[in-house]
Amino acid sequence: MPLTDAQWARIEPLLPDRTRKRDGRWRDHREVIDAIAFKFQTGTQWVHVPEKYGNWRGV
């Protein structure tokens, strides 16, 4: 279950800045947190996390 907008508004200020660094790598924090929540709610293995959350190796 993805985070609601209200839940996201509460935790977003606690996360690091998303500005791109020199290597250009960063992930959408909300997408990563939703993927982690999905993994633990379903008990699935990381490799089976749906593609909508991005590559399982990056989550």
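This passage walks through the fold, the ring and charge contacts, and the surface of a predicted model.

At the level of the whole chain, the picture is a simple one to write down: the secondary structure comes to 2 helices and 0 strands. Helix H1 covers residues 5–11, and helix H2 covers 29–42. Of the 59 residues in the protein chain, 17% are buried. The accessible surface adds up to about 4,800 Å², and carbon and sulfur atoms account for 55% of that area. As for contacts between residues at least 6 apart in sequence, 32% of them join residues at least 24 apart.

The two helices are a good place to start with specific contacts. A search of the whole structure turns up 1 salt bridge. Its partners are Arg30 and Asp5, whose closest N and O atoms are 3.0 Å apart. Arg30 belongs to helix H2 and Asp5 to helix H1, so this pair ties together parts of the chain that are 25 residues apart in sequence. On the Asp5 side, the residue is exposed, because its relative accessible area of 59% is over the 50% cut-off.

Next come the rings, where the count is 2 aromatic pairs. In one of these, Phe38 and Tyr53 have ring centres 5.7 Å apart and planes at 40°, so the pair is tilted: that angle is neither under 30 degrees nor over 60. The pair links distant parts of the chain, with Phe38 in helix H2 and Tyr53 in the segment after H2, 15 residues away. Tyr53 is tucked out of reach of the probe for the most part: at a relative accessible area of 5%, Tyr53 counts as buried.

The other pair brings Phe40 together with Trp46. Here the ring centres are 6.3 Å apart and the planes stand at 90°, so the arrangement is edge-to-face. Phe40 is exposed, with 59% relative accessibility, while Trp46 is partly exposed at 31%. Phe40 also has a charged visitor: the charged end of Lys39 sits over the Phe40 ring, 5.0 Å from its centre.

Phe40 and Trp46 turn up again on the surface. Together with Ile36, Val47 and Trp56, they form a nonpolar patch with about 460 Å² of accessible area. Trp46 has a relative accessible area of 31%, so this residue just qualifies for a patch, which takes residues with over 30%. Val47, another patch member, lies in the segment after H2. Val47 is partly exposed, because its relative accessible area of 42% falls between the 20% and 50% limits.

The segment after H2 holds a couple of other residues worth a look. Thr44 is placed there, and with a relative accessible area of 18% it counts as buried, because the cut-off is 20%. Leaving aside residues up to four places away in sequence, Thr44 touches Phe38, Lys39 and Val49. Two of those names have already come up: Phe38 in the tilted ring pair, and Lys39 over the ring of Phe40.

Pro50 is in the segment after helix H2 as well. Its relative accessible area is 27%, so Pro50 is partly exposed. The C-alpha atoms of Pro50 and Phe38 are separated by 8.9 Å, with their positions 12 residues apart along the chain.

Note on methods: Residues numbered from 1 in each chain as written. Predicted model: local features only at pLDDT ≥ 70, side-chain atom pairs only at ≥ 80, totals over all residues. Heavy atoms only, no water. Helix = DSSP H or I, 4+ residues; strand = E, 2+ residues; numbered from the N terminus. Buried < 20%, exposed > 50% of the residue type's maximum accessible area, 1.4 Å probe, protein only. Phe/Tyr/Trp six-rings, centres within 6.5 Å; stacked < 30°, edge-to-face > 60°. Lys NZ or Arg CZ within 6 Å of the ring centre and 35° of its normal. Salt bridge = Lys/Arg side-chain N within 4 Å of Asp/Glu carboxyl O. Contact = heavy atoms within 4.5 Å. Areas by Shrake-Rupley, 256 points an atom, 1.4 Å probe, with all protein chains shown as cover. Patch = residues over 30% accessible without salt bridge, like charges linked within 9 Å, V, L, I, M, F, W, Y side chains within 5 Å.
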